[in-house]
Amino acid sequence: MKTFLTVVYCLFLLGMPGKCFSQPDNAGNKPEHIIVNLTEKPSESVAVTWRTRDAVAQMLQWVEVTDSPVIPDKEQVLTANSSTDTYIDGDIPPLVVTNHSVVIGNLKPASQYLYRVGSEDAWSEWIGFKTAGTENDPISFIYFGDVQTNIKSQWSRVMRKAYSMAPDAGFLFYAGDLINHTHSEEEWKQWFEAGSFIHATIPSMMTPGNHEYDSTALDNHWRPQFTLPENGPQMDLLSETVYYVDYQGLRIISINADMMDESPEAAEKTKVWLEKVLAENKKPWTILTLHFPFYSTKANRDNAELRENFQPMVEKYGVDMVLTGHDHAYGRGWENIESMTKPGEISGPVYVVSVSGPKQYDLSAQSWMSRKGGNIQLFQLISIDNNKLNYKAYTASGTLYDEFDLIKQAGKANKLIDKAPSTPERLYTR
């Protein structure tokens, strides 16, 4: 039973004994780990997820953005869907929290809103977000490769630099391995601290990596703390990991690379589902994302079976880019020189492997790579405006490391304009 006694902590402050502060009775009601996620239709809705330490009822209030003090509208109050979850991580004492989620619907495209979450005695601050626009509006998003280790100490600067350079990005995208140890409460805590208000402001989408798995068991934080589209195959193993989002003129598709290795049934269901999603796609731009790369940055990390199962489909339906992680190095290119129908025209997707965290691996020269780098933390800013996609990879300090344009040409292959800086490629050797 929750006690109503105030827990009092007495400190020695500035050499004065007896200096005390108290923890409020409602501390367990305080919202934490607030994050917004993309929905299947992000111009009309947004998903908000948070948690409290106590099992308490929670609400979300929202209003259209205002330049005057916020006056909550009593009609714009949503009751959260809540579940009490126990996180078990090895010998660490189990942690019991209550996760809460709300999908705000009936929103207007390209519009700004404010929301807050909590209860009458413990609200969060008012937080802003913007919905996706209409089909032909420009798009921008930030792409992160593996975060994984030293999350707060060394990855946070990458997140903050990316945000400082693209504060109006439409969404954030993570290519798996957001943390290092499956079920680690400490690492997820660091991930939320490193992203801080950014995760509560800019919607995210993410695909899981192998470090989000213990065999076929998905990290016990994933589904409770993220609210992702459930338009994937009807299979519990794949829920909220295989899905797609239609963001204006872009269809971006997540498939679960780890389950392609672990479950033949999941792999087959994903293939059938992906072919349908690609065949029915009416969007001019298509990006596929998964954790394991089709083409790796080192020869002994090859994923031949993944290519065999999915590459023919990706090429058949004209996927423009494949964004991945896993290899802890940087590589950008295409299948081989034969994929160039003529100089500057590429008949298949551009493949990218990237890493945003400090854990780095060796890389070797591979025929598919036109730009490579190692021992380097990166983030990518991708923008689409009508028939042009611009891609920029930046180092942790904000230095431009790679750039290209993809131009859509009616009835022809994409035109690729390589704009990589003349600075030397960074190769990591032990």
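Q: What makes two strands a pair here, and how do β17 and strand β18 (residues 250-254) fit?
A: Two strands pair if DSSP finds at least two bridges between them. β17 and β18 have five bridges, in the antiparallel sense, so they count as a pair. Strands here are DSSP E runs of at least two residues, helices H or I runs of at least four, both numbered from the N terminus. Within this pair, Asp-246 sits opposite Arg-251 of β18.

Q: What kind of model is this?
A: It's a predicted one: local features need pLDDT of at least 70, side-chain atom pairs count only at pLDDT 80 or more, and totals for chains, interfaces and linings use all residues. Residues are numbered from 1 along each chain as its sequence is written, and side-chain values use heavy atoms, leaving out hydrogens and water.

Q: Why are β17 (243-247) and β25 (369-373) at the edges of the sheet?
A: Each has a single partner strand, so one side of each has no neighbour in the sheet. The open sheet has seven strands with mixed pairing, in the order β17-β18-β19-β20-β24-β21-β25.

Q: What makes a set of residues a nonpolar core?
A: Its members are buried Ala, Val, Leu, Ile, Met, Phe, Trp, Tyr and Cys residues joined through side-chain atoms within 4.5 Å. Buried means under 20% relative accessible area (1.4 Å probe, protein chains only). The largest core has 95 residues, and Trp-191 and Met-321 touch the most other members. Helix α5 (residues 264-279) gives the largest share, six residues. Another core, of 17 residues, lies apart, including Ile-34 and Tyr-115.

Definitions and conventions
Buried means under 20% relative accessible area, exposed over 50%, partly exposed in between (1.4 Å probe, protein chains only).
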